[in-house]
Every structure is written in structure tokens, then in C-alpha cells.
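Trainee: I would like to learn how the words used for a structure are justified. Could we go through one together?
Mentor: Gladly; here it is.
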Amino acid sequence: MDKIQGSSLSLRRLDKYYDRFHVIRDVSLDVPPGSLLTLLGPSGCGKTTVLRMIAGFVASTSGEILVDGRDIAGLQPEARDTGMVFQNYALFPHMTAADNVAFGLRMRRLSKAEIVERVRDALDMVKLGALAGRYPSQLSGGQQQRVALARALVVRPKLLLLDEPLGALDRNLRDEMQAELRNLQRSLGITTVVVTHDQDEALYLSDWIAVLKEGRIEQFGQPLDIYDRPASQFVSRFMGIANLLPARVVGSVGSRVEIAMGGVRVAGWHPEGLAAGRDVQIAVRPTHVEVAAAIDPRDGFVGTVSAVAELGEKVVYQVDAAGTRFEAHASRMRSVRRHEPGATVKVVLDPDHTIVLER
Amino acid sequence: MDKENRHHLWLTVPALLSIGLLFSAYGLFGWTSFYRATPGGLGVGGDFTFDNYLRIFGSWRELAVIGETLWISFALTMISLVIAVPMALVIARSPSRLVRSILLFTLAVTFLSGGVTRAYAWMVLLGNKGLINLALVHLGVIERPIRLVFNWLGVSISLVHFLLPFTVFTLVGAVKNLPLSVEEAARNLGATRMTTFFRVTLPLLSSGLVVAASLTYSLALSSFLFPLLLGGGRVRMVANHIYERLFVAYDIPFAAATSAVFLVLSFVVILGFAGLERLVRKVVVR
């Protein structure tokens, strides 16, 4: 298939009420043409509702959905020109793979010859050319997904919408499809919206991520931004930051904040800096927590190793210090000194990855 | 077969006995169709004969009653289906609990009220001085009351009312098994509501439609009460015809022969439906 002229997508102040329940609250974002946006969040956060609003299956109470600057919020689903891959694929069980893919083209009243050609191209693109005559029930889960993808892409939609695209696949297949999906999306240049609850998938696939919580965008940014600089406790926890600990601001210079915790001062990061005396929370990924020897000269918290677990490529430490418990991950591959349970150690935090969050 | 299993076989005895009893009644009735009614009485006698069957197949009047019943039942089934499909879709899918409850309640009430009550209710509604005629005359739509009852129209109206709950409830299950996302996929690919209904919803419901149709059809075939009460003697379906042979003409063998012929024909039709269902399942739903 040829490269698609990507469309820009903007959501402007989207709101949705179900009776009195305010399920989508003031969702606004912009993504440039050809990029992949992931709506990320736990179940019930409204991510699927936003996707279905874009597709037209859920009417927004207010707000605009702009595709190339044109508001499509009032259009019927069939007039929106989006291609959706449903979570359960939603293939037509009474049609062959080829007829499934041809459906959208028939609705667009293309000539028979063109339909045949485009169906063949689309099935070849997802490497299913040989199975064109099979019915969905004769295809495996992964094959069904490829048909669903071909069916959505063959009409060259303005937007590709994927609802938990890899959720139903087993692990190996998921990794394979993830890479394939990313390559396909990049090479076609089609603007894509993905819904998922899996942060690894989001980090791998996305150009932009919107983390949703209770119908609101909690943070919108590029993947590494969200990974390295979570803006809230919720995002921190969701992105797998296990250490969320209370602290107090001592002072700050620019974005570098000095904080006190259990009588020890360490440095952290906040985008604007914070006034002294404020109670805050610090978020540190276990990989940025170092368990050093007690005599280490750097600033840190002296404590006791309470548990050690060796898991494949990493060693997981639990260390009690500063009146709380730190989780630290060290590489098992490097020959670093191993600390035994009960040993007195010093916990050293990486100041660039110690995120200071307002409470 | 081990001892345990043989022991279990005894448990089927009550079921076998009752089924046997029912079928021997049928069998006995069927057997009388090969004899003659004794003059003036309720008895059956004479030599073994195919006369009764020859009489049926030799008389246009007899065949007409059977043919008419088969045809009208088919028409009623189709009418019921056309009404039942949207009703089933709403009952299975409406987001409003109120709408679902009202529809279900209306259908359930139909089930609960007895046939005779309902037949008389229809007379009150459809009679020459009934509610509908009075309203139409009053509104100036018609000048004189039109005949709505004691003809095929009245019988058909009341029969559709009787059949509809069976059709709807059978279809609701089929609709519930149909994933909404498949229809959404069609809309997403550019199909209008209408196209989606005919290209996706109906084909996927077809197996359920055939099942609902065969149930409705077999119920329609055996109609007795509504044609009797609302037909005013002008409308006769097979069951009424048999009843008359039995209790008016006292011709038990002839009634039995008519029953037998009709039973066989009904079986053929129902088997046809079953075959159609298998075919549809094979072609449409894989």
C-alpha cells in the first residue's frame, strides 16, 4: 500500500456525561499528522470512551474532534472516515477474509477490478494473501487481527483507531505484532490512536501518550517525558515507579530542589522548583536507587537490607531507611558487590531521576 | 455396559410409560381412521379401508381447508417475524431499562392472560360497535363500521397477538448472541444503519430467524380457539375442521384421517424448517 497522507488530530474540550456521571472531563490534545497517540490508563479511566467518541459510537456531550481542522463530532460513524480495529476484532463471521477486507471498499462503491486489486494488496501487506478465502472461524487469533487491520487500512482512512490491539494475543505473538504494527504505521504515515492499559506497549508504540485518570488527561507528552518526568503520583505509580515517599522541601534553584527526608538532605527535580517548607512526595524508580556500602561518601540514607531477591537479570533489594522502605533494582549481570539481608548499607538516589511531586 | 449404568436405565421407565401412553392414544386415534363410523352413533366399525383418505384427497373442499391453514400459518409467521425482529432488537439492546421493561411486560401479560379472555377482549375492540370502529367513525375516517371481526382479518390479528411473544422471546436470545461490535465495524467501514442491518445483522440472525419461524409456524398450524371464537363460523382452520367432524358430524374415523394427513404435512414442513436452519447455519454462520 502507498503512503497515506496523514491527518492532524485535535481534541478540544471533550466532555461526556452519562446521566449525571461525568465520564470524560475536558479532554484536549493535539497530535501532528502521521503520529501515533496512545490513550493510556487503567480500566474505567475513559480511554475507550474517548476512542469510541472519535469513531462516532459514543456521542460527546460537548467539545470538538478536529481532523485536519474539520470538526467531525456531529457526523455519523460511517461518515467519519476512520478505520477501527476492535478489541475482539469484530470480523464479519459470514464473510471470508477477502470479503471482510472488501466490505469497506464496496461501501465506497469502487469498481470490481479496483476492489480485487486493493484487497489483494492489503492482505499481502499483512502477510495473509494465502488465506484470503478462509472464514474468520478458520483463522487463529493473530491472523484474525491481521485481517481486521487490513480491513481497517484498505479504505485509506484519515485515522486508524486501535482498541487494545495486542490485548488478546499471547506474549510472543504480542511482541512480534507490536513491532509489525509500529513499522506498518510508520511506513504508511497514518495518524493512529491506540488504547491500552499496558505502559510498556505505550512506550514502545507511541509518539505521544495521554495518561488518563477518571476521564481526565493526567499527563500528555512524549513517551520518555512521561517515563522520566511523571507529573503526578498517579502517573508515577502507573509508569512503575515503586518508591513514592514523603519528604519536605528545603530550598530550590531552578528545577533542582533540595529536600529533606528523615534528617538527610538529597536533591531532586521539579519543573519549576518549589518553595521551602512544602510537604512533597518523591518518586524514584527502583533502577535509580543504588544500594551502596555504608561507608560511601555520597549523601544518602543509612539503613538495613530487609530482603534480597534475585530475578533473572536483576537483583531486587528492600532496604529500611529514613523511617520508610526503599525498593532498589541492581543489575545481576554486572559484578557489583552483593548485599546480604541484615547488612547496613547506604541508599543513594539519582538526583536527576528523583522526581519531586506536589501533594 | 456395567451394572451401574444398567441400574440407571430403570430411571427412564416413568418417562417411557407416559410417552408410551400419549403415543398409544395417537396411535389408537390414527388406527380408527382406517375404519368407518357406525351410523348414528359414536362407534367405529366395518372393514379395514382407505376410504377416509380417499375422501380427503378426492375433495377440493377438504384439501382447501388444509391448504388454507398451511398458507395462513405461513403468512402469520412472516407477519410475526417482521414485527418481532425490531421488538427483539429493542428488548435486547435498548439502553433504557424502562423501554425494555415496558416491552417485556406487555409481552408477558399476553402470555399470562388466558386465550378465551383475550379472544373476547379482541371482540370488544374489533366489533362493529367496538372501540376501533367507534373511534374511526367518530374521527370521520370511515362512514360506516368496517368488518374487523368474524372474518380472516380478526382471526389474523388475534393470532399474531398470540404468536408474537413466542417469536420475540426466541429472537431475543439470538440477538443477544450477536456482538454489537460487528455491526459497529460495518458502520465504521462506511455502511449506513440500513445497509448494516441488511448486510450484517440479518444474515447473522438468520439461523435464529429460522428457529423462531419454525416455532411460530407450528403454533400457528395448531390454532383452534381464536379461529373458533373470532372466526364467527366463516373461518375454519384444520383444528376447527377436525373438531366439527368429531362433535358435529360424529365422524370419528374421518376426523382421525384428517388429523393424520395434517400431522404428516406439518411434520414435513417442520422438517423443512430444520433443514433450512442447518443450511443457513452452514452458509451464513460458520
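Mentor: Let us start with a definition: contact means heavy atoms within 4.5 Å. By that rule, 24 residues of chain A are in contact with 19 residues of chain B. Please keep in mind that this is a predicted model, where local features need pLDDT of at least 70 and side-chain atom pairs count only at pLDDT 80 or more, while totals for chains, interfaces and linings use all residues. Residues are numbered from 1 along each chain as its sequence is written, chains are lettered from A in the order in which they are written, and side-chain values use heavy atoms, with hydrogens and water left out.

Trainee: What makes an area count as buried between chain A and chain B?
Mentor: Buried area is the accessible area (1.4 Å probe) that two parts lose on being put together, summed over both. For chain A and chain B that comes to about 2,000 Å², and carbon and sulfur atoms give 59% of it. Of the area that chain A buries against chain B, Glu78(A), His94(A) and Met107(A) supply 29%, more than any other three residues.

Trainee: Why is the pair Glu184(B) and Arg52(A) called a salt bridge?
Mentor: The term asks for a side-chain nitrogen of Lys or Arg within 4 Å of a carboxyl oxygen of Asp or Glu. Here the N to O distance is 2.6 Å, so the pair meets the definition. The count between chain A and chain B is two salt bridges, and the structure holds 24 over all chains.

Trainee: How do you know that Arg13(A) is exposed?
Mentor: Exposed means over 50% relative accessible area, buried means under 20%, and partly exposed is in between (1.4 Å probe, protein chains only). Arg13(A) has 54%, so Arg13(A) counts as exposed. The side chain of Arg13(A) meets that of Asp26(A) in a salt bridge, at 3.0 Å from N to O. Asp26(A) has 35%, so Asp26(A) is partly exposed.

Trainee: And what makes Arg182(A) buried?
Mentor: Its relative accessible area is 4%, so Arg182(A) falls under the 20% limit. Arg182(A) also forms a salt bridge with Asp207(A), the closest N and O atoms being 2.9 Å apart.

Trainee: Why is Arg248(A) called partly exposed?
Mentor: Arg248(A) has 45% relative accessibility, so the value lies between the two limits. Its salt-bridge partner is Asp279(A), at 3.1 Å from N to O. Asp279(A), at 39%, counts as partly exposed too.
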